[in-house]
Amino acid sequence: MKEYYFISGLPRSGSTLLSGILKQNPEFYADITSPVSGIVQSTINGITGSENNLNVDEERRKSILQGIFDGYYSFTETPVIFDTSRGWTGNTSLLKALFPYTKILCCVRDIGWILDSFERISAKNPFHTNTLIPQEHNANVFSRCDAMMSKEGGIVMSVWALLHEGYAMNPDMIKLVEYEDLCKYPEKTMRSIYEFIGKPYYNHDFDNVEYSNENFDLSCNLKDLHTVKRKVEWIERRSILPQDVWEKYSSMEFWRQTNKKSTLDYN
């Protein structure tokens with residue numbers, strides 16, 4: 001019987017890298033965003049909106065939703081599944097009801113560096129329009145960043161809000177994984193993750209981590225959006241964001257304000 005865990009958090013914060021590391025373990029399956037979250041929510045909506053809504057009891061609903069996971073991952077025999085979706089942090093109570101043991105690994109990063117990363121990817125694809133941002137907001141870095149941070153469905157802000165919600169409601173089931181920690185201290189970070197999910201540690205090869213999904217990236221017109229470099233390492237670089245854009249979205253890292261500690265304790 002499979003066990004289900006989850007990867008979520010903010011975009012451009014290391015979730016693909018984390019998946020690439022986790023999948024080295026032969027007992028684990030991990031990948032980029034799956035459609036399971038959307039299928040589950042559509043199923044809940046479908047049942048709720050049907051004339052049989054009152055005839056479908058809680059246990060049957062639970063069985064149907066668990067069956068979605070088992071059906072989607074029937075192609076793999078690996079016993080531990082990590083399903084990835086930015087939306088899972090908005091459904092922490094649902095996941096806890098379906099899988100009481102489960103945990104969510106949430107990758108996080110300074111908002112400024114997230115916006116910077118999106119800008120860098122766009123700059124690497126000058127002959128294509130970034131379809132992650134509405135075309136009318138693609139004119140310049142200011143409008144692009146404002147669009148990503150819009151409360152009306154911005155690609156970064158909408159996920160930030162879900163993470164904030166999930167962390168406030170069920171902090172016990174969420175492990176915040178700082179991108180910088182993962183790159184600078186990969187073994188220590190991964191050991192803390194294994195401890196969090198209660199699994200024996202697997203000796204990962206941090207010099208040979210590879211992952212890419214060309215089809216997914218091409219659908220966004222952003223080549224190398226999910227390409228992971230072989231070696232896990234931290235590379236210092238300057239931001240390409242204008243200073244006022246950076247300052248506008250600074251101090252949004254609520255997990256540091258509420259937790260008062262890094263995801264790792266180095267003392």
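Modeller: Helices (H or I, at least four residues) and strands (E, at least two) are DSSP runs, numbered from the N terminus. This is a predicted model: local features need pLDDT of at least 70, side-chain atom pairs count only at pLDDT 80 or more, and totals for chains, interfaces and linings use all residues. Residues are numbered from 1 along each chain as its sequence is written, and side-chain values use heavy atoms, with hydrogens and water left out.

Biologist: What phi does Gly 198 take, just after α9?

Modeller: Helix α9 spans residues 186–197. Gly 198 follows just after it, and its phi is positive, at about 75°.

Biologist: How far does α9 reach from its first C-alpha to its last?

Modeller: The expected span of a helix is 1.5 Å times one less than its number of residues. For the 12 residues of α9 that gives 16 Å. The model comes close to this, at 17 Å.

Biologist: Which residues of α9 are buried?

Modeller: Buried means under 20% relative accessible area, exposed over 50%, partly exposed in between (1.4 Å probe, protein chains only). In α9 the buried residues are Pro 186, Thr 189, Met 190, Ser 192, Ile 193, Tyr 194 and Ile 197.

Biologist: Which helix gives the largest share of the largest nonpolar core?

Modeller: A nonpolar core is a set of buried Ala, Val, Leu, Ile, Met, Phe, Trp, Tyr and Cys residues joined through side-chain atoms within 4.5 Å. The largest holds 44 residues, with Leu 10, Phe 69, Ile 111 and Leu 115 touching the most other members. Its largest share, five residues, belongs to helix α7.

Biologist: How many residues are in the second core?

Modeller: This core is separate from the largest one. Among its members are Ile 7, Phe 28, Cys 107 and Tyr 194, and the count is 23 residues.

Biologist: Why is β5 largely enclosed, and which residues lie on each side?

Modeller: Five of the five residues of β5 (174–178) are buried, so the strand is largely enclosed by the rest of the structure. Both faces are covered. One side has Ile 174, Leu 176 and Glu 178; the other has Lys 175 and Val 177.

Biologist: Which residue of β5 is the bridge partner of Ile 104?

Modeller: Two strands pair if DSSP finds at least two bridges between them. Strand β4 (residues 104–108) and β5 have five bridges, in the parallel sense. The partner of Ile 104 is Ile 174.

Biologist: Which residue of β4 is the bridge partner of Gly 9?

Modeller: Gly 9 belongs to β1 (residues 3–9), where six of the seven residues are buried. Five bridges join β1 to β3, in parallel. β1 also pairs with β4, parallel, over four bridges. There, the partner of Gly 9 is Cys 107.
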